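Reader: I'd like to go through the labels used for this model and hear what backs each one. Can you show me the structure before we start?

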Amino acid sequence: MAEVTKEELITLMLKENESITKHLEIGLTRLIILWKISKGNIHGYNLMKTVDEFYKDQIELGLVKKANPSKIYPILKKMEENELIIGEWELKNNKNVKVYKITEKGNLLVDALKDKIATTSLNPKWQEFIKDMSSKVEK
């Protein structure tokens, strides 16, 4: 039997416990999308590229799938329904594209999340957790 490397074992364990990583990915993806829209108007394709940049390493390991319309657009639709963003059709390079903009309500949520993250990051237990969970596992 071939010897399994520690990296292969970690990848296997993450895949077998996908529900934990999936919930984390979904929540972070929503936060990334709202944050990115708060930085300036953007269309769906560029949002997919942004999400992929955040998950580049996980995508390469096969732990996370690349962003696609069926993943991103339901999130955007829900954010529109919740009045966090507005999608407006614009003509760009002779194509109609939907450009997303943050609303006042969306900005309030981003500000509240920034405050929550800032406060949380000051808690010594969270600092210990983040330091430990972000340390590279030796192979």
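Author: Let's begin with F129, which is partly exposed at a relative accessible area of 43%. One thing up front: this is a predicted model, where local features need pLDDT of at least 70, side-chain atom pairs count only at pLDDT 80 or more, and totals for chains, interfaces and linings use all residues. Residues are numbered from 1 along each chain as its sequence is written, and side-chain values use heavy atoms, with hydrogens and water left out.

Reader: What makes F129 partly exposed?

Author: Buried means under 20% relative accessible area and exposed means over 50%, with partly exposed in between (1.4 Å probe, protein chains only). F129 has 43%, so the label follows from those cut-offs. W126, at 41%, is partly exposed too.

Reader: Why is the W35 and F54 pair called edge-to-face?

Author: Rings of Phe, Tyr and Trp (its six-membered ring) pair if their centres lie within 6.5 Å; planes under 30 degrees apart count as stacked, over 60 as edge-to-face and the rest as tilted. Here the centres are 6.1 Å apart and the planes make 85 degrees, so the pair passes on distance and is edge-to-face by angle.

Reader: What does that pair tie together?

Author: W35 is in helix α2 (residues 18-39) and F54 in helix α3 (residues 44-54), so the pair ties together parts 19 residues apart in sequence. Helices here are DSSP runs (H or I, at least four residues) and strands likewise (E, at least two), numbered from the N terminus. W35 counts as partly exposed at 34% relative accessibility, and F54 does at 45%.

Reader: How do you know that W126 and F129 form an edge-to-face pair?

Author: Their centres are 5.5 Å apart, with 90 degrees between the planes, so both values satisfy the ring criteria. W126 and F129 are three residues apart in helix α7 (residues 124-133), about one helical turn.

Reader: What makes the charged end of K71 sit over the ring of Y55?

Author: The rule asks for NZ of Lys or CZ of Arg within 6 Å of the ring centre and within 35 degrees of the ring normal. K71's charged end is 5.9 Å from the centre of the Y55 ring, so the distance part is met.

Reader: How do you know that β2 and β3 pair?

Author: Two strands pair if DSSP finds at least two bridges between them. Eight bridges join β2 to β3 (residues 95-102), running antiparallel, so they qualify.
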